[in-house]
Structures are given as C-alpha cells and as structure tokens.
Amino acid sequence: MQQPNAIIDFDVIDKDGPQTYRGTFAFTTNDLEGDDLDSVGPVEIEARADKGDLPGEYIVEGSSQFNGDLKCSRCVEPYPFANSSTFHVRFRPRPQASEENAEVEITDEGELDVEYYSERAVPLKDLALEQVQLSIPMKPLCDEKCLGLCPNCGANRNGESCHCEAPAGDERWGALQGIREELAKKKES
C-alpha cells in the first residue's frame, strides 16, 4: 500500500528539483486524535514539493481523499463521510528555542500554513494523517435537523419518540423570572 518514495526528502529536492509523491495509507481510529471518527478507509495523497522563497523553506501542495464514518455529535450514530481536499504547507527550519521543547509562537496570520522541521525529511504518511485530522468537522452532524438523544432516557429522538416530560425550565434562570414579568407589565401599559 505504501509507495517507495513515501518520504519527502528536502535534500533530494535541493539536488534534483521539485518532486512529486503519491501514497495510499491505512489508518485506524486509534491513530487519529478524538473520537469523532468511527471508521476510516484508505487515505490517498498526492503532493508536489519544491523549494520556497526563504532559505530552508519548502512548499508542499497537493490533495488527499478518504472515506469513513463519523459519529454524530447529537445522536452519536455513525454516518458516512467522504472528503476530498487540497492543501498547501510551508516547511521551515525550526527556529532556535531557548528551551528544548519550547513551542513556536505564530505571530502572523500568514504563518498558519507553516510547519517547522528539525529533520530534513517528512514522511508522506504523517502528512496524510494530518490532512485527515484537519478534515474532520469540529461538531460532526448526521443531519442539520438531527434531534439528538433525549437527555433523560437516552432515546434517539430521530427514530423513536420518548415519553419523558419536558423540564419546566432551568432553575438557574429563576432569578431573572421577576425581571421578565416586570418587562411584560411595562409593555402592556
């Protein structure tokens, strides 16, 4: 499944010019952060790497695609998800930090697509994994109109109706009830 040229090697780019990389990688849901992904199929990635304008900078542009199942944030049921996206990443040498594990602070909005490297090779598989992570919505929904789970009995309100009584109101807002009544009286007068 993995291609022999599955490592983006900056030394090869310096020597031979722009390079194209392709690969298909298998990931498990354990490889991915978060628990929104229920399953994931093979991830296909194609990337073209070239020197950037700054010393030690390399530009990698390409596309990735995969299919999988996400868990709905409301009803927790899996639903099919397909993603095909393009990416643009600038790799720059890691700046010298005062501490060994210090994080690099992004100070300019134009640096959001910058990744810093200390090794002069980037596994294509890592880039594919990153593209999957970036494509997962922050709050996956099977449908915008998903009714979710009943907070009392846990029934999926999309497929079954529960017979729980709706709460009368949130008692934390009780202190504001008097203000609401006063405003209603002023409107009537």
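Guide: A salt bridge is a side-chain nitrogen of Lys or Arg within 4 Å of a carboxyl oxygen of Asp or Glu. The structure discussed here is a predicted model.

Visitor: Which residue forms a salt bridge with D113?

Guide: D113 lies in the loop between β6 and β7, and its partner lies in strand β6, so the pair ties together parts that are 23 residues apart in sequence. D113 is partly exposed, with a relative accessible area of 22%. The closest N and O atoms of the pair are 2.7 Å apart, and the partner of D113 is R90.

Visitor: Is R90 buried or exposed?

Guide: A residue is called buried when its relative accessible area is under 20%. The relative accessibility of R90 is 16%, and therefore R90 counts as buried.

Visitor: What is the N to O distance in the salt bridge of E57 and R90?

Guide: E57 is in the loop between β4 (43-51) and β5, whereas R90 is in strand β6, and the two are 33 residues apart. E57 counts as buried, at 5% relative accessibility. The side chains of E57 and R90 meet in a salt bridge, for which the distance from N to O is 4.0 Å.

Visitor: How many salt bridges does the count come to?

Guide: One of them joins D11 and R120, whose closest N and O atoms are 2.7 Å apart. This pair links distant parts of the chain, with D11 in helix α1, R120 in the loop between β7 and β8 (121-123), and their positions 109 residues apart. D11 is partly exposed at 43% relative accessible area, and R120 is also partly exposed at 28%. The count of salt bridges comes to eight.

Visitor: In what sense do strands β5 and β6 pair?

Guide: Strand β5 covers residues 58-71 and strand β6 covers residues 78-93. Among the residues with a bridge partner is G62, which is matched with F87 in β6. The two strands pair over 14 bridges, and the sense is antiparallel.

Visitor: Which residue takes a positive phi in the hairpin of β5 and β6?

Guide: The hairpin has six residues between the strands. A positive phi near 65° is found there, at V76.

Visitor: In what sense do β6 and strand β7 pair?

Guide: R90 of the salt bridges described above has V114 as its bridge partner in β7. Strand β7 consists of residues 114-117, and four bridges connect β7 with β6. The sense of this pairing is parallel.

Visitor: How far apart, centre to centre, are the rings of F10 and F91?

Guide: A search of the whole structure finds five aromatic pairs. In the pair of F10 and F91, the planes stand at 50° and the pair is tilted, while the distance from centre to centre is 5.8 Å.

Visitor: How many residues apart are F10 and F91?

Guide: F10 is buried, with a relative accessible area of 0%, and F91 counts as buried at 3%. F10 belongs to helix α1 (residues 10-16) and F91 to strand β6, so that the pair links distant parts of the chain; the separation is 81 residues.

Visitor: Why is the pair of F66 and F81 called tilted?

Guide: Planes under 30 degrees apart count as stacked and those over 60 as edge-to-face, with the rest called tilted. The ring centres of F66 and F81 are 6.1 Å apart; their planes are at 50°, so the pair is tilted.

Visitor: Does helix α3 lie buried or largely in the open?

Guide: Helix α3 has 15 residues, from 174 to 188. The number of buried residues among them is zero, so α3 lies largely in the open.

Visitor: How far apart are the end C-alpha atoms of helix α3?

Guide: At 1.5 Å a residue, the 15 residues of helix α3 should span 21 Å. The distance between the end C-alpha atoms agrees with this expectation: 22 Å.

Visitor: What is the area of the nonpolar surface patch made by W173, L176, I179 and L183?

Guide: W173 has its place in the loop between α2 (124-135) and α3. W173 is exposed, with a relative accessible area of 57%. Together with L176, I179 and L183, W173 makes a nonpolar surface patch of about 440 Å².

Methods: Residues are numbered from 1 along each chain as its sequence is written. This is a predicted model: local features need pLDDT of at least 70, side-chain atom pairs count only at pLDDT 80 or more; totals for chains, interfaces and linings use all residues. Side-chain values use heavy atoms; hydrogens and water are left out. The expected span of a helix is 1.5 Å times one less than its number of residues. Buried means under 20% relative accessible area, exposed over 50%, partly exposed in between (1.4 Å probe, protein chains only). Patches are made of residues with over 30% relative accessible area and no salt bridge: like charges are joined within 9 Å, nonpolar side chains (Val, Leu, Ile, Met, Phe, Trp, Tyr) within 5 Å. Accessible areas come from the Shrake-Rupley method with a 1.4 Å probe; for residues, only the protein chains shown count as cover. Two strands pair if DSSP finds at least two bridges between them. Rings of Phe, Tyr and Trp (its six-membered ring) pair if their centres lie within 6.5 Å; planes under 30 degrees apart count as stacked, over 60 as edge-to-face and the rest as tilted.
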